[in-house]
Amino acid sequence: MKLRHVRAIAVFGIALVALTGARGSHGASCGSSSSSGSSSSSGGSDGSSSTSGGSDGSSSSSGGVTVGGAGGSSKNKAQRDVRIDECKLSTDRKNLVAKVTITNSDSSAYLYDVSLQFKGDSTAAVAMANVTDLRVEAGASTSAEATTSYTGTGDGSEYTECVVVDADRVIG
């Protein structure tokens with residue numbers, strides 16, 4: 001098999017993962033695409049807020065690693081339930097936004113708390129965002145947006161990915 005065939009197969013595999021995402025994905029690349037939908041929000045004491053709402057169905061990519069997590073603890077299960085759909089700079093360039101989908105495949109409803117970190121190059125300031133007390137019914141999926149203020153002066157390109165740094169759930 002020639003090198004160009006191997007390269008083509010590798011590119012196809014990466015594109016497939018990027019387009020389809022992976023349940024339990026804990027990282028997504030940051031982009032500048034936008035989406036719209038109705039939403040409601042609640043503020044956090046650390047200056048960040050979480051927003052749950054709809055989506056216009058625009059496409060986004062997800063990447064990063066899938067974390068299997070050992071054991072059956074609530075924290076490991078909660079992290080596996082979170083998928084990052086998109087991370088981006090808001091259209092008004094004031095906030096970093098991470099869109100997540102939480103899928104609860106258990107037979108009880110849960111309240112989820114998720115902490116995300118926006119990562120980037122050496123010029124990117126540490127940026128954290130949270131989703132708190134998001135209720136996900138048994139056997140259902142719910143989308144939410146975690147936002148935090150953008151303190152940079154550019155187009156947000158210094159942020160290259162967002163990752164789940166902590167997730168937990170309690171029966172709710």
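Biologist: Why does Asp-106 count as partly exposed?

Modeller: In this predicted model, the relative accessibility of Asp-106 is 24%. Buried requires a value under 20% and exposed a value over 50%; 24% lies in between, so Asp-106 is called partly exposed.

Biologist: What makes Arg-169 buried?

Modeller: The relative accessible area of Arg-169 is 8%. That value is under 20%, and therefore Arg-169 is buried.

Biologist: How do you know that the side chains of Asp-106 and Arg-169 meet in a salt bridge?

Modeller: The N to O distance between Asp-106 and Arg-169 is 2.5 Å. The criterion asks for a nitrogen of Lys or Arg within 4 Å of a carboxyl oxygen of Asp or Glu; the pair meets it, so the name salt bridge applies.

Biologist: What makes this a link between distant parts of the chain?

Modeller: Asp-106 belongs to the loop between S6 and strand S7, Arg-169 belongs to strand S10, and the two are 63 residues apart.

Biologist: Why is the pair Glu-145 and Lys-99 called a salt bridge?

Modeller: The closest N and O atoms of Glu-145 and Lys-99 are 3.9 Å apart. Since the limit is 4 Å, the pair qualifies, and therefore it is called a salt bridge. This pair too links distant parts of the chain, with Glu-145 in strand S9, Lys-99 in strand S6 and these positions 46 residues apart in sequence numbering.

Biologist: Does Lys-99 count as buried or exposed?

Modeller: Lys-99 has 9% relative accessibility; this is under 20%, so Lys-99 counts as buried. Glu-145 has a relative accessible area of 21%, and is therefore partly exposed.

Biologist: How do you know that Glu-137 forms a salt bridge with Arg-135?

Modeller: The closest N and O atoms of Glu-137 and Arg-135 are 2.6 Å apart, which is within 4 Å, so the definition is satisfied. Glu-137 is partly exposed at 40%, and Arg-135 is partly exposed at 39%. Elsewhere, salt bridges with shared partners join Lys-77, Asp-81, Asp-106 and Arg-169 into one network. The search of the whole structure finds six salt bridges.

Biologist: Why is Gly-139 called exposed?

Modeller: The relative accessible area of Gly-139 is 61%, which is over 50%, so Gly-139 is exposed. Gly-139 is found in the loop between strand S8 and S9.

Biologist: Which residues does Gly-139 touch, not counting those up to four places away in sequence?

Modeller: Gly-139 touches Asn-104 and Asp-106. In addition, the C-alpha atoms of Gly-139 and Ser-107 are 6.5 Å apart, although the residues are 32 apart in sequence.

Biologist: What makes S7 and S8 a pair?

Modeller: At least two bridges are needed for pairing; eight join S7 to S8, so these antiparallel strands count as paired. They form a hairpin with six residues between them, and Ser-115 stands opposite Asn-130 in S8. S7 and S10 also pair in the antiparallel sense, over eleven bridges, with Gly-120 opposite Tyr-159 in S10.

Biologist: Which residues touch the most other members of the largest nonpolar core?

Modeller: Among its 27 residues, these are Val-114, Leu-116 and Phe-118. Strands S5, S6, S7, S8, S9 and S10 each supply at least two residues of this core.

Biologist: Where is confidence lowest, and where is it highest?

Modeller: Strand S4 is lowest, at a mean of 32, and S8 is highest, at 97. The chain averages a pLDDT of 73, and 57% of the residues score at least 70. Over residues 32–71 the pLDDT stays under 50.

Notes: Residues are numbered from 1 along each chain as its sequence is written. This is a predicted model: local features need pLDDT of at least 70, side-chain atom pairs count only at pLDDT 80 or more; totals for chains, interfaces and linings use all residues. Side-chain values use heavy atoms; hydrogens and water are left out. Helices (H or I, at least four residues) and strands (E, at least two) are DSSP runs, numbered from the N terminus. Buried means under 20% relative accessible area, exposed over 50%, partly exposed in between (1.4 Å probe, protein chains only). Contact means heavy atoms within 4.5 Å. A nonpolar core is a set of buried Ala, Val, Leu, Ile, Met, Phe, Trp, Tyr and Cys residues joined through side-chain atoms within 4.5 Å. pLDDT is the predictor's confidence in each residue, from 0 to 100.
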